[in-house]
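This report is intended for a reader who is meeting the structure for the first time. Please keep the sequence and the model in view while reading.

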Amino acid sequence: MTTLLSPEIDTVGELSERCDRCGAAAKLEVTLSSGGDLAFCGHHANRMHAEISRVASKIRLEEGFGWAGK
């Protein structure tokens, strides 16, 4: 039997990274379970919320961002 763990989710005041998909200001940063980090703008974070939740060990959301995966 496989047990899925939910990623740790933190809210931070402001993120300084840029989206790895389109270069817009990041609203979400994710640390992958397999190692490494990715950043997403609000559009891409919400569009890919299921995939992000599945591969993340830690998620940092910018304060005030309404993420579909939360």
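In this predicted model, strands S2 and S3 form a hairpin with four residues between the strands, and Gly35 in that hairpin takes a positive phi near 105 degrees. The two strands of the hairpin pair in the antiparallel sense, over four bridges. Glu29 has Ala39, in S3, as its bridge partner.

The hairpin belongs to an open sheet of four strands, ordered S1-S4-S2-S3, in which the pairing is mixed. Its edge strands are S1 (8-12) and S3 (37-40), each of which pairs on one side only. From one strand to the next, the twist averages 20 degrees.

Strand S2 (residues 28-32) is largely enclosed by the rest of the structure, because four of its five residues are buried. S2 is joined to S4 by five bridges, and these two strands run antiparallel. Thr31 stands opposite Lys58 of S4. Strand S4 (residues 56-62) is also joined to S1 by five bridges, but there the strands run parallel. In that pairing, Ile9 has Ile59 of S4 opposite to it.

The pairings within the sheet may be set out as follows.

| Strands | Sense | Bridges |
|---|---|---|
| S1 and S4 | parallel | five bridges |
| S2 and S4 | antiparallel | five bridges |
| S2 and S3 | antiparallel | four bridges |

Attention now turns to the helix and the cysteines. Helix H1 covers residues 42-47 and includes His44. Is His44 buried or exposed? His44 has a relative accessible area of 10%, which is under 20%, and is therefore buried. Leaving aside residues up to four places away in sequence, His44 touches Cys19, Arg21 and Cys22.

Cys22 is thus one of the residues in contact with His44. How many disulfides does the structure hold? The number is zero. Cys22 is in no disulfide, and the nearest cysteine sulfur to its own is that of Cys41, 3.8 Å away. Why does Cys41 form no bond with Cys22? A disulfide requires sulfur atoms within 2.5 Å, and the sulfur of Cys41 lies 3.8 Å from that of Cys22, so the separation is too far for a bond.

These two cysteines also have their own accessibility values. Cys41 is buried, with a relative accessible area of 6%, whereas Cys22 is partly exposed, at 46%.

Definitions and conventions: Residues numbered from 1 in each chain as written. Predicted model: local features only at pLDDT ≥ 70, side-chain atom pairs only at ≥ 80, totals over all residues. Heavy atoms only, no water. Pairing = 2+ DSSP bridges. Axes fitted to C-alpha atoms, helices over the stretch in contact; angles between N-to-C directions. Buried < 20%, exposed > 50% of the residue type's maximum accessible area, 1.4 Å probe, protein only. Contact = heavy atoms within 4.5 Å.
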